Amino acid sequence: MERWEAYGFSAVMSGAFLLSCLLFAAVSRGQRGPYMDEAFHVPQAQAYCRGRFLQVLRGAVPWDPMITTLPGLYLVSVGIVKPVAWLCGWTGSVVCSTGMLRFINLLFSAGNFYLLYLLLSKIHQKNKAVSGFQRILSTLTLAMFPTLYFFTFLYYTDPGSVFFTLFAYLMCLYGNHKTSALLGFCGFMFRQTNIVWTVFCAGNIVAEKLNEAWKTELQKKRDEKISSRKGSFSDLMRVLQFLIKYFTSPKNLVTLTALTWPYIILVTGFFIFVFINGGIVVGDRSSHEACLHFPQLFYFLSFTVFFSFPHLLTPSKIKKFLLSLRKHPVQYSLITAISLFLIWKFTYVHKYLLADNRHYTFYVWRKVFQRHELVKYVLVPVYIFSCWSFADTLKSKPIFWILMYFVCLLAVTVPQKLLEFRYFILPFLIYRLNIPFPSLYRQLLELAFYIAVNAITLYIFLNKTFQWPNSDEIQRFMW
């Protein structure tokens, strides 16, 4: 990092943190008590603050049955708040108050800002055309990503979950795999589905070795016309044959095991946890049952196009897609038929999606999908374009990295029955970090869009309150 870039990054990060502190104060004044899921998280963290790690909050179990995640957030909160309270001489209700616990996520947000910058620098280090200003601008943009930024001001697991997962990814890229696996365990303690991103880190190693072997294979056969990144059906078959040959070699398996053993231990521990626990979630199991909800992938792709429209929804992209459509009508017809079938047979509507009018997804579903029974099928062309544009921006990545990422994307989205935008945060950030740097104009447009969305959602949260007929509590709109 050059000196001017270091100064610029420090100034932007400090400015962003100051702005977040001001917004944090506004949110804390507007909503002093726990709201939504905070009603479960805050009391549990406060029990931990009092040293009651087996506190019986409800019924005869030492855990609030509505909490689905492991206690990573509460343990980190106690590990930060208690020493600070001791040093500052704080006592009484201020220690582990709702505001104090929320401030933990403000710290995670600052950490995420720095990690995003380091990841962008590492992933795109070979691209000398990228300026320091572009790196700082992209970092600021991703740190302001609306679905994540909103939860900076509430006591939710998302900022901490993102922090440890991004940290694990960074250590993986630097080759510190034992540290990466340890950080992956911390991410798992915040949200169990983060185990998928531990597999992703291991997959980076595997993809790198596959790319090396694939290049050697091509050199041996002196077939420079065939690329590992794009090609016809025959090329795909050749790649599959190569994968079968590679993974049936004991030597290759030993090499991969020696490189990925920290991740293997963690994933093995995850399966032991699932077996002992009887499932992935800790509580509220009836509302968080896994299923094959394939349209979740379509929702994610549409979500990504919406928040990355300066990169994915451009005239040149649309023109290129139409040319591809014209060139491969049979393939696209087959994809359309498969998409229609998946929507027909595997669409699930969670009871929370229909019942809770505090979430934006409630209105997306009601205003779009419930307008007519055929709407979900009419949107298939949108899904296909979203998928094509999404994949097109990743074409600079090696084919084995793309395959590994898509496997992880399927694993983290498809089993979710509930349409919840928070579940899309990490796959979106991983994707956005790995696409080529766009033009300065598109970066500025993306940042302006994120700022506008954040301003609108925070304004609505603070000022457009309402009450349910059978309750005196103030309700607010949120992601």
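## Salt bridges, core and surface

Arg135 is buried, with 17% relative accessible area. That value belongs to a predicted model, as do the others in this report. Arg135 has a charged partner: Glu5 forms a salt bridge with Arg135, and their closest N and O atoms are 2.9 Å apart. Since Glu5 lies in helix α1 (residues 3–30) and Arg135 in helix α5 (residues 132–143), the pair ties together parts that are 130 residues apart in sequence. Glu5 is also buried, at 3% relative accessibility.

The count of salt bridges comes to 13. Here are three of them, with the N to O distance for each.

| Acidic residue | Basic residue | Closest N to O distance |
|---|---|---|
| Glu5 | Arg135 | 2.9 Å |
| Glu212 | Lys209 | 3.8 Å |
| Asp356 | Arg358 | 2.9 Å |

Glu212 and Lys209 are 3 residues apart in helix α9 (residues 195–221), so about one helical turn separates them. Glu212 is partly exposed, with a relative accessible area of 39%, and Lys209 is partly exposed at 27%. Asp356 and Arg358, on the other hand, are both buried. Salt bridges with shared partners also join Asp37, Asp158, Arg191, Glu420 and Arg422 into one network.

Let us turn to helix α12. Gln296 lies in this helix, which covers residues 295–307. Is Gln296 buried or exposed? With a relative accessible area of 1%, Gln296 falls under the 20% limit, so Gln296 counts as buried. Its side chain reaches the backbone oxygen of Gln416 at 2.9 Å. Beyond four places in sequence, the contacts of Gln296 include Thr413, Val414, Lys417, Leu418 and Phe424.

Helix α12 also meets helix α17. The buried residues of α17 (residues 360–369) are Tyr360, Thr361, Phe362, Trp365 and Phe369. These buried residues pack against α12, α16 (351–355), α18 (375–378), α19 (380–393) and α22 (440–463).

Which residues touch the most other members of the largest nonpolar core? Of its 141 residues, they are Phe145, Phe200, Phe307, Phe400, Trp401, Tyr405 and Met478. Leaving out residues up to four places away in sequence, Trp401 touches Tyr169, Phe200, Asn204, Ala207, Leu394 and Asn434.

On the surface, Trp4, Phe133, Leu440 and Leu444 make a nonpolar patch of about 390 Å². Leu440 is in helix α22 and counts as partly exposed at 36% relative accessibility. Pro83, in helix α3 (residues 72–88), is partly exposed too, at 40%. From C-alpha to C-alpha, Pro83 and Leu119 are 30 Å apart in space, with their positions 36 residues apart in sequence.

Key
Residues are numbered from 1 along each chain as its sequence is written. This is a predicted model: local features need pLDDT of at least 70, side-chain atom pairs count only at pLDDT 80 or more; totals for chains, interfaces and linings use all residues. Side-chain values use heavy atoms; hydrogens and water are left out. Helices (H or I, at least four residues) and strands (E, at least two) are DSSP runs, numbered from the N terminus. Buried means under 20% relative accessible area, exposed over 50%, partly exposed in between (1.4 Å probe, protein chains only). A polar contact is a pair of N or O atoms within 3.5 Å; within protein, one must be able to donate a hydrogen and the other to accept it, and residues adjacent in sequence count only if both atoms are side-chain atoms. Contact means heavy atoms within 4.5 Å. A nonpolar core is a set of buried Ala, Val, Leu, Ile, Met, Phe, Trp, Tyr and Cys residues joined through side-chain atoms within 4.5 Å. Patches are made of residues with over 30% relative accessible area and no salt bridge: like charges are joined within 9 Å, nonpolar side chains (Val, Leu, Ile, Met, Phe, Trp, Tyr) within 5 Å. Accessible areas come from the Shrake-Rupley method with a 1.4 Å probe; for residues, only the protein chains shown count as cover. A salt bridge is a side-chain nitrogen of Lys or Arg within 4 Å of a carboxyl oxygen of Asp or Glu.
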